[in-house]
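Please look over the sequence and the structure shown here before reading on. The briefing that follows is arranged by topic, with the disulfides taken before the strands.

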Amino acid sequence: SPSPSPSPSPSPSPCPPGKEVYSYMAGCCRTSTDDLGDYDKFVNTDKETCEQMCNSDYACVAYEHSDDNICEIHKIPVPNTAICPNIGCYTRECPPPPPPPGCEFCR
C-alpha cells in the first residue's frame, strides 16, 4: 500500500504561542465608523490584568485602559481612536487561538 504523504509543516508565525503582541494608540478605542464598538467594561482593573483578560478571551481584538484603572475588552476591530486624555487603546496583533471544537458561539 502507498505510504501516506508527509503533512506540510506550518509556516512560522511572527506570533509565537503564548506570546501576545499589541499595538498602542493614544486615546479611546473607536471602530472604523468612529463608534464605541462592542466591549465589556471592568473597573478597578490594572493594565496588566486588563491585558491578561484580553489574552484569554477568544473574542477580544483590543483592550482600552485608563489611568483610573478602567478596562474595556473590545470584541470588534477598533482601528481608530478618539482624543481621550490618560487612556490607551491596545490592538491585538496576533490572532487569538481558535476556540475549542464545538465552540461555534465563542466569538
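**Disulfides and a central strand**

The torsion about the S-S bond of Cys54 and Cys60 is about -95°, so this disulfide is left-handed. The model is a predicted one, and it holds 4 disulfides, among them the link of Cys54 and Cys60, whose sulfur atoms lie 1.9 Å apart.

**Disulfides**

- A disulfide is a covalent bond between the sulfur atoms of two cysteines.
- Cys54 is buried, as is Cys60.
- Cys50 is joined to Cys71 by a disulfide with an S to S distance of 2.0 Å, and this link is right-handed, with 85° about the S-S bond.
- Because Cys50 lies in helix α1 (residues 47–55) and Cys71 in strand β5, the pair ties together parts that are 21 residues apart in sequence.
- Cys29 and Cys89 also form a disulfide, with their sulfur atoms 2.0 Å apart, and both of these cysteines are buried.

**Strand β4 and its partners**

- Strand β4 covers residues 62–66, and 5 of its 5 residues are buried.
- In a regular strand the side chains alternate between the two faces of the sheet.
- In β4, Ala62, Glu64 and Ser66 point one way, whereas Tyr63 and His65 point the other way.
- β4 runs antiparallel to strand β5 (residues 71–74), to which 4 bridges join it, and Ala62 stands opposite His74 in β5.
- The two strands β4 and β5 form a hairpin with 4 residues between them, and Asn69 in the turn has a positive phi of about 65°.
- β4 also pairs with strand β7 (residues 87–92) in the antiparallel sense over 5 bridges, with His65 standing opposite Gly88 in β7.

How values were computed
Residues are numbered from 1 along each chain as its sequence is written. This is a predicted model: local features need pLDDT of at least 70, side-chain atom pairs count only at pLDDT 80 or more; totals for chains, interfaces and linings use all residues. Side-chain values use heavy atoms; hydrogens and water are left out. Buried means under 20% relative accessible area, exposed over 50%, partly exposed in between (1.4 Å probe, protein chains only). Two strands pair if DSSP finds at least two bridges between them. A disulfide is a pair of cysteine sulfur atoms within 2.5 Å.
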